[in-house]
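This report introduces the fold and the interior of a single protein chain. The structure is shown below, and the sections after it move from the chain as a whole to its core.

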Amino acid sequence: MAAAGAIALLTAYLLGAFEKRGHIQAEDVCLHVPARQETAEIFNSVLPQSSKYDFDGTWRPDRDQGFRSTCFVMGDDDESLFSLTAEMGSARPWQQWAETEIPPNSGGEITYFDAGLKGVSNAEVAAIWVPCYSSERTSKEPWNMTVIADALKPLEVSDKEARQALIDLATTFARQAHKDAKCDLSSKLSA
């Protein structure tokens, strides 16, 4: 009986059951991510367990096709866990956008939500196609913004909860990126 207990404890230890989970504070989150306190709370409730979380981001607020805003979350051994990205792309039909811009994933059935020109989500990704420039400075063509919340490792909540967390993170990030890029078209994002 004692041997079985010892084996169970050893197995739990080896699988990380006694490892302390890192805690994300608002000030840990990339500076250009809005609502950093709420974002930290979401990350603490859904990200895979890690003893520490590190953040790395890019913020290039150019008012043209060069605009880029990213925030990456890494766990133990610099394993990529999550990314928030906002990048420009030429305006095109949303179906073509979805085929080329949504990262491949195994998050299950794709559903649509009301945000921007089109919002697409499953349990691993939420993407929003957001109107931005009526005439982008360099190309003089209409440009839109792709905003993606991407769980690079499965989130530790139900699929329904994961989908909602991804949508919330993508929508909040999209509002800020639309503002930072100084877009002249309405974002079509709810307030």
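## Overall organisation

Among contacts in the chain between residues at least 6 apart in sequence, 57% join residues at least 24 apart. The model is predicted. Its chain holds four helices and seven strands, and from the N terminus on the elements follow the order α-α-β-β-β-α-β-β-β-β-α.

Of the 191 residues in the chain, 46% are buried. The accessible surface of the chain amounts to about 10000 Å², and carbon and sulfur atoms account for 53% of that area.

## The nonpolar cores

In soluble globular proteins, nonpolar side chains tend to be buried together. Here the largest nonpolar core has 44 residues, and the members that touch the most others are Phe43, Leu47, Phe55, Phe82, Leu84 and Met145. Two or more residues of this core come from each of α2 (36–46), β2 (68–74), β3 (80–90), β6 (125–133), β7 (143–151) and α4 (159–180). The largest share, nine residues, is given by α4.

A second core, separate from this one, consists of eight residues, among them Val120, Ala127, Trp129 and Ile148.

## Leu84 and helix α2

Which residues does Leu84 touch, not counting those up to four places away in sequence? They are Val33, Phe43, Ser69, Thr70, Cys71, Ile148, Ala149, Leu169 and Phe173.

Phe43 is also one of the buried residues of α2, together with Thr39, Ala40, Asn44 and Val46. The buried residues of this helix pack against β1 (54–60), β2, β3 and α4.

Technical notes. Residues numbered from 1 in each chain as written. Predicted model: local features only at pLDDT ≥ 70, side-chain atom pairs only at ≥ 80, totals over all residues. Heavy atoms only, no water. Core = buried A, V, L, I, M, F, W, Y, C linked by side-chain atoms within 4.5 Å. Buried < 20%, exposed > 50% of the residue type's maximum accessible area, 1.4 Å probe, protein only. Contact = heavy atoms within 4.5 Å. Areas by Shrake-Rupley, 256 points an atom, 1.4 Å probe, with all protein chains shown as cover.
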